[in-house]
Amino acid sequence: MTTISITEQTAILAKYLELPQNGKVLAEYVWIDSEGNTRSKCRTLAKKPSSVDDLPEWNFDGSSTGQAPGHDSDVYLRPVAFYPDPFRKGENIIVLTECWNNDGTPNKFNHRHECAKLMKAHSDDEVWFGLEQEYTLFDQFDNVYAWPKGGFPAPQGPYYCGVGTGKVYARDVIEAHYRAALYAGINISGINAEVMPSQWEFQVGPCEGISMGDELWMARYLLQRVAEEFGVKISFHPKPLKGDWNGAGCHTNVSTKSMRVPGGMKDIEVALSKLAKRHKEHMLLYGADNEQRLTGRHETASIDSFSSGVANRGASIRIPRQVAKEGYGYFEDRRPASNIDPYLVTGIMVETICGSIPD
Ligand code: ADP
Ligand code: MN
Ligand code: MN
Ligand code: MN
Ligand code: MN
């Protein structure tokens, strides 16, 4: 038997992808599993939905994903948003869902439900978020992508926003993801190569309320799908490599309606004093293994204390120079790790800065 090349495989698949779908729509249902990974499966719809209410509830075997016991394994998938599918294109869609248990309670790993309630309760404040998702690429053998076998590249320095061979890796993967996210209607606001080679960042935002978590999860899903085609693994671990290599975060930029207008700096300061009082509670939701990253080195603050400063990348919270100059705008919470659940982080953020905190 002869094996066929990737070029030949691609040509064969192309024949089938051209076939008409007879009016049917393919809907890829995505959910978040017990480990903070996305999972998905597909079903055929008779026609294109015009709103999320047209999408049927579905279910999956939660005992295979660590989300339910074997004796009561059905977990329900409730559609909450849908996006044009950049892989299948045409009328096909990707559906973001919430996981619900058989007894009518939200699944243990469904953090969206609580978040949506908080966002609704404080919708008057029109809270905007912008998340900076950092991540690291690995090859299929779990080596950092394109690093020398059994060794290390030259120390950090030339790689951040690097240009040229040996300074930047896998630009094709990142560009493909950028285009896929735009096609899907994600409010992706930019990309850049990071300080550690084969570490990258994309930003999503500003997004208001619950849409921040939705769009970040969808952007992560798209990244995993794109990387799968290139045979590259994506890691969201906050310290993928021990030693003198930068960790990975998910800086969380935040503003309320009143912070975005002249004089807003005073509202930013009030928010920071509220955040200072709940530092420990926030850290519990700001990502597993984040203590490996928040060491006070590599552009981070220590995990043990809260701090803030203008243009200070070694503080918990940075107020951008421009914001301090103009006296209004937004602030950047630098504490969240790359592996956060954005529903938990944006949820507690709104609860803290929009709620009143007892002294
Ligand atoms: P950094 O300088 O920290 O690398 P980035 O440019 O990577 O910042 O990301 C900044 C993020 O802040 C973007 O996602 C952007 O959409 C978001 N952002 C900008 N203005 C606001 C605002 N007023 N409120 C919330 N987020 C904002
Ligand atoms: Mn089956
Ligand atoms: Mn950034
Ligand atoms: Mn960054
Ligand atoms: Mn940042």
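Which residue in E10 is the bridge partner of Gln-133? I looked this one up before anything else, and the bridge partner turns out to be Cys-250.

**Entry: confidence**

I remind myself that this is a predicted model. I checked the scores before going further: pLDDT averages 96 over the chain, and 99% of the residues reach at least 70. For the complex, I noted an ipTM of 0.98 together with a pTM of 0.97 from the predictor.

**Entry: strand E6 and its partners**

Back to E6, which spans 128-138. I wanted to know how covered this strand is, and found 10 of its 11 residues buried.

I then went through its pairings. With E10 (250-255), E6 runs antiparallel and shares 6 bridges; Gln-133 with Cys-250 is the pair I opened with.

With E8 (199-208), I count on 8 bridges, again antiparallel. Here I looked up Tyr-135 and found Trp-200 as its bridge partner in E8.

Strand E9, residues 233-235, is joined to E6 by 3 bridges, and these two strands also run antiparallel. For Thr-136 I wrote down Ser-235 in E9 as the bridge partner.

**Entry: around ligand 1**

Which residues come nearest to ligand 1? I found Gly-130, Gln-203, Asn-253, Ser-255 and Tyr-330, out of 16 residues around the ligand.

I was pleased to meet familiar strands here. E6, E8 and E10 each give at least two residues to the shell around ligand 1. So my notes on E6 carry over: this strand, with 10 of its 11 residues buried, is bridged to E8 and to E10.

I also sorted the shell by class, which may be handy for you if you are thinking about ligand 1: 8 residues are polar, 5 are nonpolar and 3 are charged.

**Entry: the open sheet**

Next I traced a sheet of 5 strands. It is open, its order is E2-E1-E5-E4-E3, and its pairing is mixed. At the edges I found E2 (38-45) and E3 (58-61), each of which pairs on one side only. From one strand to the next, I noted an average twist of 40°.

How many bridges join E3 to E4? I found 4, with E3 and E4 (residues 74-84) running antiparallel. One position I looked up there is Asn-59, which stands opposite Tyr-76 in E4.

How values were computed: Residues are numbered from 1 along each chain as its sequence is written. Chains are lettered from A and ligands numbered from 1 in the order in which they are written. This is a predicted model: local features need pLDDT of at least 70, side-chain atom pairs count only at pLDDT 80 or more; totals for chains, interfaces and linings use all residues. A residue is near a molecule or strand if its C-beta atom, placed from the backbone, lies within 6 Å of it. Ala, Val, Leu, Ile, Met, Phe, Trp, Tyr, Cys and Pro count as nonpolar, Asp, Glu, Lys and Arg as charged, and the others, Gly among them, as polar. Two strands pair if DSSP finds at least two bridges between them. Axes are lines fitted to C-alpha atoms, for helices over the stretch in contact, and angles run from 0 to 180 degrees between N-to-C directions. A residue is buried if 20 or more other C-beta atoms lie within 10 Å of its own, exposed if 12 or fewer, and partly exposed in between; C-beta atoms are placed from the backbone. pLDDT is the predictor's confidence in each residue, from 0 to 100.
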